[in-house]
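I'm opening a fresh notebook page for this one. My plan is to look up a few things and jot down what I find.

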Amino acid sequence: MRNRNINKRDKEMKKNISQKFKFPWEPYYSNIEKLTITKVEKNILKNIFKVSFTDFGIDIEHIGTRKRALVEVHCVIATVILDHFRYISITDIAKIFMKNHACMYHYNTTYQEVLCSQKIYSQLRTKLNDLVMMNRYGIDRNKHPKNKENLMEENLSLLKQNKLLKSRLKEIKKLINDK
């Protein structure tokens with residue numbers, strides 16, 4: 001009996017959402033807008049949902065259901081938000097997803113114990129982490145990959161700059177002492 005009530009509730013919620021919104025990420029946007037964070041952070045959160053749903057083909061019919069694809073994408077998104085937005089309470093994060101705080105713990109645990117070992121989800125997490133780092137701090141990991149060759153080049157460049165600066169400093173000290 002309980003499952004029938006849940007399925008009926010899911011169908012009603014799904015119907016309401018599909019009539020009200022055009023894109024699957026829009027129901028989350030209204031909940032993000034209610035948070036007391038900066039506009040930049042709100043835009044980052046919105047982009048996280050948009051990119052994730054677009055990459056995984058989540059459409060409006062998935063929203064409000066417990067389909068595996070949606071739940072797994074939620075797991076990745078929740079983990080990224082919990083990592084990068086530690087000052088947002090778990091309850092507030094849960095409100096974005098229209099869930100309760102226990103779901104956020106479950107999503108995070110599911111990602112850490114199951115999904116992180118699957119390449120497709122770890123790639124999504126990396127993509128979302130990069131999106132946050134780029135939009136929040138201006139750091140583009142792809143522009144400056146930290147492989148051994150690039151680090152050696154950067155090290156040589158910094159050593160040259162250091163040597164030049166030391167010689168300039170000696171010149172300036174000499175000018176000051178001469179006066």
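**Entry 1: a salt bridge inside α4**

Does E72 count as buried or exposed? I looked it up: E72 is buried, at 12% relative accessibility. A note to self before going on: this is a predicted model.

I then checked the partner of E72. R68 makes a salt bridge with E72, and their closest N and O atoms are 2.8 Å apart. R68 is exposed, with a relative accessible area of 63%. The two residues sit 4 residues apart in helix α4, so about one helical turn separates them.

**Entry 2: how α4 meets α6**

I stayed with helix α4, which runs over residues 68-84, and looked at how it packs on helix α6, residues 101-113. The angle is about 100°, and the axes are 8 Å apart. That makes α4 roughly perpendicular to α6, because angles of 65 to 115 degrees count that way.

Which residues of α4 and α6 make the contact? From α4 I wrote down V71, H74, C75, V76, A78, T79 and L82. From α6 I have M104, Y107, N108, T110, Y111 and Q112. Sorting the residues of this contact gave me 8 nonpolar, 5 polar and no charged.

**Entry 3: helix α7**

Next I turned to helix α7, residues 119-137. It has 19 residues and reaches 26 Å from its first C-alpha to its last, close to the 27 Å expected at 1.5 Å a residue.

Which residues of α7 are buried? My list is Y121, L124, R125, L128, D130, L131 and V132. I also looked for what covers these buried residues of α7, and the cover includes α3 (39-56), α4 and α6. So α4 and α6, the pair from my previous entry, turn up again here.

Just past the helix I stopped at G138, which follows α7 and has a positive phi, near 75°.

**Entry 4: R136**

I picked R136 for a closer look; its place is in helix α7. R136 is partly exposed, with a relative accessible area of 21%.

What does R136 touch, leaving out residues up to four places away in sequence? I found E41, I44, H84, F85 and Y87. I also noted V40: R136 and V40 are 96 residues apart in sequence, but 7.6 Å apart in space, C-alpha to C-alpha.

The contact with E41 is a salt bridge, with the closest N and O atoms 3.2 Å apart. E41 lies in helix α3 and R136 in helix α7, so the pair ties together parts that are 95 residues apart in sequence. As for E41 itself, I have it as buried, with a relative accessible area of 13%.

**Entry 5: the other salt bridges**

How many salt bridges does the structure hold? I get 6. Besides those already in my notes, I looked up E33 and K42, which form a salt bridge with the closest N and O atoms 3.9 Å apart.

I compared how open these two residues are. E33 is partly exposed, with a relative accessible area of 40%, whereas K42 is buried, at 12%.

This pair also belongs to something wider: E33, K42 and K46 are linked in a network of salt bridges. That's where I stopped for the day.

Conventions:
Residues numbered from 1 in each chain as written. Predicted model: local features only at pLDDT ≥ 70, side-chain atom pairs only at ≥ 80, totals over all residues. Heavy atoms only, no water. Axes fitted to C-alpha atoms, helices over the stretch in contact; angles between N-to-C directions. Parallel < 35°, antiparallel > 145°, perpendicular 65-115°, else oblique. Contact = heavy atoms within 4.5 Å. Nonpolar A, V, L, I, M, F, W, Y, C, P; charged D, E, K, R; others polar. Expected span 1.5 Å × (residues − 1). Buried < 20%, exposed > 50% of the residue type's maximum accessible area, 1.4 Å probe, protein only. Salt bridge = Lys/Arg side-chain N within 4 Å of Asp/Glu carboxyl O.
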